[in-house]
Amino acid sequence: MVRIATDTEAASSCCANAPTQWHCPDCGRISQGFAFPYGLCPHCGGRMALLHEPRRLGPDRAAQDAVRLAFEIELGGRAFYQRAAAECADDELRELFARFAVMEGGHMEALSDRYRVEVPEPSPSFRLELAAVFAHVEHRPEDPDNLFRIAIALEERAAAFFRMRAAIAPAGSSEQRLYLELGAEEREHADLLAKAYEEWRARRSPPATQPPPQAPAPQAVQQLNAAALLLAQGDDAQVALVCGEQQLTYAQLRDRVARAAGAWNARGLRPGDRVAVKLPDGIDWVVAFLGTIWAGGVAVAVNPQIPAPEWSYILDEAGFTIILAEHADDTPAPWNSRVVLLEPGRGEVTAAEPVPAQSADEETPAFWCHSSGTSGKPKAVVHSHRFALEIERVSRERLGITAADRLFATSRLFFSYPQTNSLFAGLKIGATVILDPQWPTAASAAATVERQQPTVFFSVPSLYRNLLHAGLAPALAVAGVRKCVSAGETLPASLREAWHKATGLPMTDGYGASETLVLVLTAKDGDDGLQPSPGVEVHPLDPEAAVAGLPTRLSFHVSTLARGYLDRPAAQAQAFRGGAFCPADLFVHTQGGGWRFAGREDSLVKIRGRWVNLVELEEKLAQGIPGLLEAAVVCVPDEDGVDSVVLFYAAKPGEAAGVEQALRERTCALRPHERPRSFHEIPALPRTATGKLLRRKLADAFVNGVAAA
């Protein structure tokens, strides 16, 4: 693993301002990105050249070039291993190359952390023959030995390249140290591959005198399957799922899931194989997802509207055996050959024979969910079959949900918040889960509530706010909703009060994560801060800060904790410690024994030597201003490079002038270092697909002149 430097070391060769535009003289196309596999054009494979010299490269240009070259090598290596794992037919080779892809991904993650540059996007058009050209090895796709020869040659050439660069770099410089580290790693990889190649060839061609290898003795398998466990308690006649005019009872759902498992088995799915469910919410989504787990596969929910670069990244990361989708138009080769379209897939499920649930050890992976963080690429969070053992405990004991309830979550099922609290917990309890294929809006959510009459309503603060502004909130109580739950982002106290005033409904505030699934902290009306949920142990990472009333990170011990991240060893070491999850969010301990959310570590900024909590500042500025839809503050450098605060806001049509005037007047009461230096109206705040504020996107827009000061 590349050593991660300290902030002081990294600052000397930070690549945040590195150039991003490249020109290919062979095909004439312009490409944008920090680095590409082996520095080759993603369109034609030609050697690219930097289009424009950067205006500001910082004090260490050579180190930045070193980092870029390192990324080209590592990005190319990972692309080769990922594509080789996807295209080779040998199971042993597939597993080996997938493992080496994880190693290369770990190297890039360390480089990313050390030099403050995002891991470059994958190249969807990457071809194995490009790696063969770089390795100076003939590409023979029909020969599995050839993949080994290419891989070994790639590692040996990379090691030689890094040694050469280290020899010509200034003695003791940061780029020389980097090249020496990378060269040693590539040499180690080449030796590992050479040894694996010899062992693989020996197993394929054993000596005539050697007896055939004995099959391993069968191991006892614990009888646990998460999908079967989720569906075990529901009464046969009880309605399990409702979507529009469609519905399934628990008996029908169990049968459909068992048939889906049979259909996936018929398509060659083996235990551990991954299946992408890239569909709108609905009964087909649930059947495909649970059917994968039932069959022993690993289910991966994918946003059906996912941007192409993120989809390509997930494809290369996952190596899906089956991709269930409405179309294959946005899925590149070779993955598009694995797409099963919705209608034919539904027919296969109907025609298949039901199969028994595949038992597995409780730590065997059952599904992934991708973290909904606001920076960097999505991290695949790996959950084992163990998650289903107590997935309903918080819902049953803290939220008071019973089998008589009808649950509706406005967020889409690829987001762990509705997936856990509505679908998984609802099914385990034996309740009715209401689904809606539409992308959520205030109007669509209100219409679904009126039509389906849920008793428990799960949503995010931004949609609760939109329901209030549209005058639709009171209709939820009229339709029979008895309890509201908010999570996914910070719930402002003013919004909670306004909701209760408009509807009379209690609202439970929750804090959870993809890594924990359940809401590990919850706050009911009257609670002094967020309280630990049933079955959750909470400990401050800095006990002294907690006692002093200062922000600290927390660790959460819970039975639904994920196994960890896929291909993110550095991130995993930071977030998973001692069998607990330690997010980057900050909390302040309350007098009542609870915790008050104080923002993420990156939302606590220093302005003029004084700490400013951006989350708290937003609440101070925005609370109770008529006509204001939402507001956010970000920290950006001024003309002299000194950090200061700017404010973005969205207002009702025709009310922007009055809103800004009220914001400016309220600013006067703030301390000087908290006052925004400028105000900017925008149609809406940028958010992730799961509703989280993209604060960094606002800062980037300001710096790039989209919102002029």
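1. A cavity, on a 1 Å grid over the protein atoms alone, is a set of points where a 1.4 Å probe fits but cannot get out, and a lining residue has an atom within 4 Å of a point; a volume is the space filled by probe spheres set on the points, which are joined across faces, edges and corners. The model is predicted, with local features needing pLDDT of at least 70 and side-chain atom pairs pLDDT 80 or more, while totals for chains, interfaces and linings use all residues. Residues are numbered from 1 along each chain as its sequence is written, and side-chain values use heavy atoms, without hydrogens or water.

2. Six cavities of 30 Å³ or more are present, and the largest has a volume of about 100 Å³. Its lining includes Arg256, Trp264 and Asp284, and α11 (342-351) gives the most to that lining, with five residues.

3. An open sheet of nine strands runs in the order β5-β4-β13-β12-β14-β15-β16-β17-β18, with mixed pairing, where two strands pair if DSSP finds at least two bridges between them, and where helices (H or I, at least four residues) and strands (E, at least two) are DSSP runs numbered from the N terminus. Because β5 (246-249) and β18 (531-532) each have a single partner strand, one side of each is left without a neighbour in the sheet.

4. Strands β15 (residues 483-486) and β16 (residues 507-512) run parallel and are joined by three bridges, and the bridge partner of Val485 in β16 is Thr508.

Definitions and conventions: 1 Å grid on protein atoms, 1.4 Å probe; cavity = no way out; pocket = protein on both sides within 12 Å on 5 of 7 lines; lining within 4 Å.
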